[in-house]
Structure formats: C-alpha cells, structure tokens
Amino acid sequence: MTVPDRHPSLDAVSVSLGYHDRTIVDHLSLSIPAGQVTAIVGANACGKSTLLRGLARLITPTSGAVLLDGQDIARLPTRAVAARLGILPQQPSAPDGLTVADLVGRGRHPHQRWFRQWSAADAAAVEEALAVTGISELGDRLVDELSGGQRQRAWIALALAQGAPLMLLDEPTTFLDLAHQVEVLDLLADLNDRDGRTIVMVLHDLNLACRYADHLVAMGCGTIVAEGRPTDIVDAELVAQVFGLDCRVLPDPLTGTPMVVPVPTRRRQNVAGRGDPAAAGDAAEFVSAGNA
Amino acid sequence: MTVATHALSRRRGDCMVTVHTRSFGITARVHVRAVAVTTMLSAAALAVFVWSLTIGDFPIGLADVIATLRGTGTSEHEFIVRTLRLPRGLTGLAVGAAFGLSGAIFQRLANNQLASPDIIGVNAGAAVAAVFAIVVVHASGPAVTAAALVGATVTAIATYLLAYRRGVTGYRLILVGIGVAAVLNALVQYFLTRAEIYDAQQAVVWLTGSLNGRSWDDLRPIAVTLAVVTPIVIVVARQLRALELGDDAARGLGVRVERSRAVLLLAGVALAAVATAAAGPIGFVALIAPQITRQLVGGRSLGLLPAAAGGALLVVAADLVARRIFAPTELPVGVVTAVLGAPYLLYLIARSSRGLTRG
C-alpha cells in the first residue's frame with residue numbers, strides 16, 4: 001500500500017452548499033488539521049453530511065471553494081483528487097454476488113487504465129488493505145454475507161486500497177451496534193496512528209466523537225458553532241446550543257474526555273414513577289450512581 | 001503472453017486471471033468463468049446458426065452448405081444458402097448479440113433487472129416510428145429501418161431528459177421509461193386502428209419481431225453498429241465497475257459519473273435501436289439473456305460479453321423453432337421469445353420484489 005508520504009491540506013473557504021435552491025451550509029470556513037482525526041457533529045439536518053459531501057467534491061459549492069493543497073478541488077481532475085482523497089459514503093451498497101476482495105480491488109480504480117487493469121501493486125495494496133482492516137480471511141466471502149461491522153471494514157479497506165492519505169467518512173458507524181461502532185472507530189484511530197492518515201468523519205454519537213477525535217467540529221444550522229479539542233470546547237452550554245439538550249458534561253472515567261449525560265426530563269420520571277415503582281427506584285439509583 | 005491467477009480470489013473454480021500481452025503492453029483482468037461461458041454460448045450459437053442453414057422446406061446437407069459457403073456449390077444451393085438463409089441467420093446472431101449486450105448495459109447501470117430497453121420504452125420508440133412509417137407514409141424497407149432508429153433514439157433522449165434531475169438514477173429511469181413505453185404503445189394502437197388492413201397486417205408482423213426475409217441490406221447497419229459499439233463498451237466497462245458501487249463512491253474513485261453513464265446509455269440505446277430497426281422489437285431478449293447468463297457466470301463479472309453471446313444463441317434458436325414448429329407456415333421469432341420471456345418476467349416479478357424496489 002502506498003503509505004502517505006505527506007499530509008495534503010484540505011480547507012473550506014467561505015463555502016455555501018445546498019441542493020436545488022436551498023442553501024444548507026452558508027459561507028462556512030474550515031481547515032482540516034493534517035494528520036489528525038476530525039469529527040463533525042451536530043443535530044440532524046444541521047448540514048454536517050452536506051459539509052462532508054462538499055469537502056469530498058460530491059457537491060459543488062454555490063459560492064466559495066474547497067481547497068485541496070491550496071487548489072480549488074472543483075477544478076482539479078477528479079482522478080488526481082482520488083489519489084489524494086478517499087471517501088466512504090453513507091450506507092454504500094455493493095452489487096449482488098461481489099466478493100470482499102473484488103470490492104476492495106475496485107478501490108484501485110484511480111491507479112488503473114483500460115489497458116492496464118491489474119498490476120502487482122494493485123494486488124499488494126488489496127492484500128494489505130484486507131490485512132490492516134483484519135478481514136484477510138474474508139477475501140473470498142460475498143459482501144452480502146458479511147455482518148454489518150465486517151461490511152463496514154470491507155468498505156474502509158476499499159478506501160485504504162485507494163491509497164489516499166486523506167479519508168472522509170460519512171457516518172461510518174450508523175446502523176452498527178455499540179460494539180461494532182467501537183470496533184470501526186478503533187480501526188480508524190489505528191489507521192491514523194500507523195501512518196498519520198488524516199481522517200474526517202461525521203458522527204452521531206457525541207461521546208464517541210469526544211473519545212476518538214483530536215479535533216471536533218460542532219455544527220448548527222449550517223455554520224460552525226465551535227471547533228477545537230473536545231476537552232476544550234465541549235460543555236453543557238455547547239450541547240444545549242447545538243443539540244438543544246439539557247445535560248451535564250462529566251469527564252469520561254476511562255479516557256478523561258468529555259462525556260455527555262442527559263439530564264432526566266420530568267416527563268420520563270413521571271412515566272417511570274407512574275408505571276412501575278421498581279423501575280423508578282432503578283432509575284433513581286442509576287442517576288445517583290451517575291452523579292457519584 | 002503471461003497469465004497470472006490472483007491468489008486471493010479463488011472460489012469454486014471462480015477466479016480472476018490477469019492476462020498480460022507484451023506486444024501491446026495491455027494487461028487485462030478477466031474472470032475465468034465468464035470467458036468459459038462466453039466461449040460455450042458463442043459456440044452453441046454458431047452451431048445452431050450453421051444447423052439453421054441446412055434446415056428448411058428445401059433441406060440441404062451440411063457438406064453442401066459448407067461447399068456453398070466456400071463458393072463451390074450448385075447455383076440452386078447458392079441462392080437458398082447465400083441469399084435466403086445466410087443473411088437471415090447472420091442478422092439473427094447480430095440482433096441477438098446487440099439486444100443481449102444492450103440489456104446487460106442497462107441492467108448493470110440501473111442495478112435493476114427490469115431496466116432493459118424493451119421495458120423502458122426504447123424498443124417502443126422504434127416501434128411507433130416504424131408503424132407510423134408503414135401505416136401513414138406507406139414506407140417500406142430501409143425507410144422503416146431509418147424511422148425505427150430515429151424513433152428509438154428520440155425516445156431514449158426524451159426518457160433520459162424526463163428522468164433527469166441533477167443526474168439520472170436507475171429507479172427513476174425505469175419508472176419514467178415504463179410510463180413513456182405505455183404512451184408509445186397507445187400511439188401504436190392508434191395508428192393501427194387508423195390503418196388500411198394490408199398496412200396494419202404488415203405493421204403487426206414487424207411489431208412482433210421477425211427475421212423473415214432479412215437480406216444483406218438489413219444485416220449491414222447492425223453489423224457495423226456492433227463492430228463500432230462493442231469495443232467502446234469494453235473500454236468504458238471499467239468505469240461501470242465503479243459506477244456499480246453508487247454515484248458517490250464512483251465519484252470518490254475519480255470517475256466522471258455523468259459522462260461515463262451517458263456514454264454507456266448511448267451505447268445501449270444505439271444497440272437496441274439498430275437491432276430493433278433490423279428485426280423489429282423482438283421481445284424479452286434484452287430482458288432475459290443478461291439474466292440467464294448472469295446465473296451462469298455469477299456476480300463477479302460484469303457479464304456484458306456473456307450476455308451478448310447468450311442473446312445471439314437465444315435469437316437464432318428461437319428463430320429456428322419459429323420457422324419449423326408449424327412448417328411450412330413460419331411464425332415471427334418474437335412469438336417464440338415472448339412464449340419463453342413472458343413467464344420468465346412473471347417469475348422474476350414474483351420472486352424478487354427486491355428487484356423492483358432497488359434503485
């Protein structure tokens with residue numbers, strides 16, 4: 001696999017992004033820190049996926065520009081971009097009957113030509129991508145047969161085989177159970193550790209984002225509300241502003257990163273109290289344990 | 001030439017092989033089973049084709065057929081083989097290959113088994129124009145062919161534009177195509193009710209799809225189209241592998257999605273249009289051939305060339321049946337493909353609601 005020899009820079013300069021005539025991201029500027037893990041968080045429909053799609057040149061800005069190494073990404077040949085920037089779309093789908101090795105092999109597309117469809121370098125890149133993502137033994141399996149976590153690993157392996165030092169992932173943990181979410185995020189953190197690969201991902205879970213991100217971008221209504229190290233920026237006020245949620249922010253007992261604990265609402269307490277006294281007791285115990 | 005097996009992907013004799021030709025500097029990656037299936041289907045199509053040259057109201061032995069093809073036959077055989085049976089058989093092969101390839105392109109592009117040119121209105125577009133030419137303008141021969149070609153192309157462009165909303169997705173293309181096909185078929189019915197009885201009869205035979213009386217003039221356009229379009233498709237097929245992963249993933253891999261898709265769609269339309277012009281809208285070939293060959297090849301290959309070989313076999317075999325089953329009366333080949341194809345379509349719809357809803 002081509003180990004990234006340098007870190008390409010990715011910047012949004014006053015970009016506006018939208019679909020049809022609706023502007024979703026409005027004059028937003030952002031510099032992605034090279035060699036770090038950046039997580040974009042925010043409420044539903046705040047424009048976080050739209051921003052990621054804009055950064056990945058999947059949608060063209062209506063104003064402003066996305067710069068890859070200082071050059072307008074919309075004007076660069078898309079194949080040249082593909083060698084530097086890999087993406088994992090939200091809920092990607094593979095055609096029926098495709099094996100894992102075939103899927104990962106398609107990540108080599110930017111390195112191939114019609115007259116040179118497969119090389120030793122391609123085979124080596126696929127093998128290494130499978131090994132790094134821990135799915136070497138699944139190469140011959142059909143993609144349809146994999147579990148959700150394995151399938152996501154296969155798609156990450158595809159982006160790895162592409163050999164781009166910069167990876168953008170749109171909600172890579174959606175529809176995975178908690179154990180598989182952690183598994184996928186651990187894998188991405190490992191990739192970042194191994195060779196300083198720059199990773200940008202949209203995440204739903206704020207606590208996991210705080211754990212795994214070096215740089216957190218909190219979005220609301222198409223603009224950046226705050227960005228920085230999770231420990232520096234995440235507090236109850238920010239969560240209230242971004243998610244409209246009343247919460248306490250405690251240090252994660254295992255990592256020390258911010259951990260958001262929602263304040264129980266009155267309605268929930270009432271429901272528990274009315275229905276089942278034992279459940280209400282459990283809930284009270286849980287809250288006191290959380291506070292301790 | 002060197003051949004190397006990709007060690008990772010060996011599965012039930014189902015492996016990818018890298019073929020390197022030093023003289024041209026070309027490295028191709030081929031799927032062994034796809035090559036085997038294509039070879040077998042082509043051989044079978046060729047065998048049926050040669051057999052069909054011997055069969056008819058005037059049977060000619062295989063040795064005489066071969067002698068005639070080599071130019072040493074009797075003048076009687078010369079006329080029957082070279083003027084009557086050979087162009088008909090070759091047109092059958094070419095039309096079948098074109099429908100099969102066209103259907104495979106559409107189905108893979110849309111990731112949907114129902115997205116073949118006979119379902120989404122391309123063939124109907126050709127039919128409307130041809131029936132209009134026959135019934136209203138009283139045209140025949142090359143004029144009908146030209147009209148069919150124009151009709152299919154205009155329909156395809158109109159369908160594409162109607163389905164276009166910041167790009168075209170397979171699902172929308174199918175729904176719009178089915179709607180367009182319904183309108184066009186209504187138009188065909190309208191023309192037929194207005195027609196003189198003789199014209200209407202001629203139009204109905206053409207509409208069923210028939211190879212009866214095909215001459216060298218009918219063969220030429222479809223042969224040229226195949227010769228031009230097939231190499232283009234083979235080169236652009238590489239982009240199709242990325243397109244299959246979805247538009248976003250394909251863009252991420254550096255594919256110019258809209259342009260690649262437009263080239264593939266145009267290739268599929270040209271094949272279907274010219275094939276329809278040559279032999280009428282022979283039903284279900286574009287729908288069935290890619291799917292049956294896909295069952296044989298598996299999902300690892302795009303299955304474009306296997307579908308072409310399968311389409312050729314399907315049409316020459318169906319035409320042989322159509323010629324002989326009620327001999328001396330000949331059925332149009334489209335009757336036989338419909339008898340085979342309609343139940344298959346029902347089976348397809350019943351088996352997988354998935355195929356209908358995926359887009």
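This is a short tour of a predicted two-chain model, stop by stop.

Residues are numbered from 1 along each chain as its sequence is written, and chains are lettered from A and ligands numbered from 1 in the order in which they are written. Since the model is predicted, local features need pLDDT of at least 70 and side-chain atom pairs count only at pLDDT 80 or more, while totals for chains, interfaces and linings use all residues.

**Stop 1: confidence.** Colour chain A by pLDDT (the predictor's confidence in each residue, from 0 to 100). The mean is 86, and 89% of the residues of chain A reach 70 or more. Now select residues 275-292 of chain A: pLDDT is below 50 there, and the stretch has 6 contacts beyond near neighbours in sequence. A contact means C-beta atoms, placed from the backbone, within 7 Å. Where pLDDT is low, don't read the predicted coordinates in detail.

**Stop 2: the sheet in chain A.** Helices (H or I, at least four residues) and strands (E, at least two) are DSSP runs, numbered from the N terminus. Pick out the strands S6-S7-S8-S3-S9-S10 of chain A, in that order: they form an open sheet with mixed pairing, where two strands pair if DSSP finds at least two bridges between them. S6 and S10 (223-228) of chain A each have a single partner strand, so one side of each is left without a neighbour in the sheet. From one strand to the next, the twist averages 15°. Zoom in on S3 (residues 37-42) and S8 (residues 198-202) of chain A, which run parallel and are joined by 4 bridges; Ala39(A) sits opposite Met201(A) in S8(A). Then add helix H5 (residues 148-161) of chain A, which packs on the sheet, touching S6 and S7 (166-170) of chain A, its direction at about 165° to that of S6(A). Angles run from 0 to 180 degrees between N-to-C directions, and axes are lines fitted to C-alpha atoms, for helices over the stretch in contact.

**Stop 3: where the chains meet.** Select the contact between the chains: 35 residues from chain A and 29 residues from chain B. On the chain A side, H2(A) gives the largest share, 4 residues.

**Stop 4: a helix pair in chain B.** Show H1 (residues 32-54) and H12 (residues 304-324) of chain B, packed at about 25° with axes 8 Å apart. That makes H1(B) roughly parallel to H12(B) (angles under 35 degrees count as such, over 145 as roughly antiparallel, 65 to 115 as roughly perpendicular and the rest as oblique). Residues making the contact include Leu41(B) of H1(B) and Leu313(B) of H12(B).
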